[in-house]
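Subject: Structure for your files

Hello,

Here is the structure I said I would pass on. My notes on it follow below.

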Amino acid sequence: MRSTSIAENIAEIRARIGRAAAHCQRDPAGIRLLAASKTQPAAALRLAWDAGVTDFGESYVQEALEKQGLLRDLPLRWHFIGPLQSNKTRAVAENFDWVHSVDRLKIARRLSAQRPAQMPPLALCIQVNISAEPGKSGAAPGEVAALAGHIAALPGLELRGLMAIPRAGDSGPQQRHAFARLRGALSQLQAEHPLLDTLSMGMSADLEAAIEEGSTLVRVGTDLFGPRK
Ligand SMILES: *Cc1c(COP(=O)(O)O)cnc(C)c1O
């Protein structure tokens, strides 16, 4: 791979988003680019901010808190996108704007109780195990409606939509099917919860397919920053 700068990578990703959106007659303004910045140093996030990225996704709480400290001078939006254990919910509730990886009511209840009252509600996506992989994070598709109903009633949280990571190694058409199932699950939920507006799906390798299936937020790491450390 040719060595390119983060700014060039971001320009190329924005061009890909633009082409994919044009291909399916969508407005690219409806697709948010989230920089999946786990393992990347704070200086790399700063370069992404300089190139216009405002949203950053982190997967490890301790690492994220350190970078947040180093980037306090920038008004970044922080998304937690990694597996979330009970003992880390307080740090997420107190230091993030979004969480994409909630798959159990217990975790949502803790985030609700721990979100500081003076902060805006924590925006939340339910992670769905859309390919029904054994042992993988994410609520089973059949559990999502009940979970959404409970979460929507919790104070301090704002349910925004669904997130999924399709099975790695699936072919393009299989991944597309997975994205289409997530879109279908969101439109079912929207009957009960009309304000849901977020489909968090698509990464470096599959953002075009995700956008064609309705993604409103793509989470891009490798193609934006280069390989993870
Ligand atoms: C790391 C990560 C990404 C980014 O993946 P790339 O393939 O490097 O673009 C997206 N989503 C989640 C949940 C991740 O953990």
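A polar contact here means a pair of N or O atoms within 3.5 Å. Please keep in mind that the model is predicted.

By that cut-off, Arg219 makes a polar contact with the ligand, because one of its polar side-chain atoms lies 2.9 Å from a ligand nitrogen atom. Two further side chains approach ligand oxygen atoms: an N or O atom of the Ser204 side chain is 2.5 Å from one, and for the side chain of Thr222 the distance to a ligand oxygen is 2.5 Å. On its own the ligand would expose 390 Å², of which the protein buries 88%.

The shell around the ligand consists of Ala36, Lys38, Ser59, Ile81, Ile165, Met203, Ser204, Arg219, Val220, Gly221, Thr222 and Arg228. By residue type, five of the shell residues are nonpolar, four are polar and three are charged. The space that the ligand takes up is the largest pocket.

As for the overall fold, the protein has nine helices and eight strands. Its C-alpha trace spans about 45 × 40 × 30 Å along the principal axes. The radius of gyration is 17 Å, which agrees with a compact globule, because a globule of 229 residues would have a value near 17 Å.

Regards

Conventions
Residues numbered from 1 in each chain as written. Predicted model: local features only at pLDDT ≥ 70, side-chain atom pairs only at ≥ 80, totals over all residues. Heavy atoms only, no water. Near = heavy atom within 4 Å. Polar contact = N/O pair within 3.5 Å; in protein donor to acceptor, adjacent residues only side chain to side chain. Areas by Shrake-Rupley, 256 points an atom, 1.4 Å probe, with all protein chains shown as cover. 1 Å grid on protein atoms, 1.4 Å probe; cavity = no way out; pocket = protein on both sides within 12 Å on 5 of 7 lines; lining within 4 Å. Sits in = over half its atoms within 2 Å of the grid points. Nonpolar A, V, L, I, M, F, W, Y, C, P; charged D, E, K, R; others polar. Helix = DSSP H or I, 4+ residues; strand = E, 2+ residues; numbered from the N terminus. Rg over C-alpha atoms; globule rule 2.2 N^0.38 Å.
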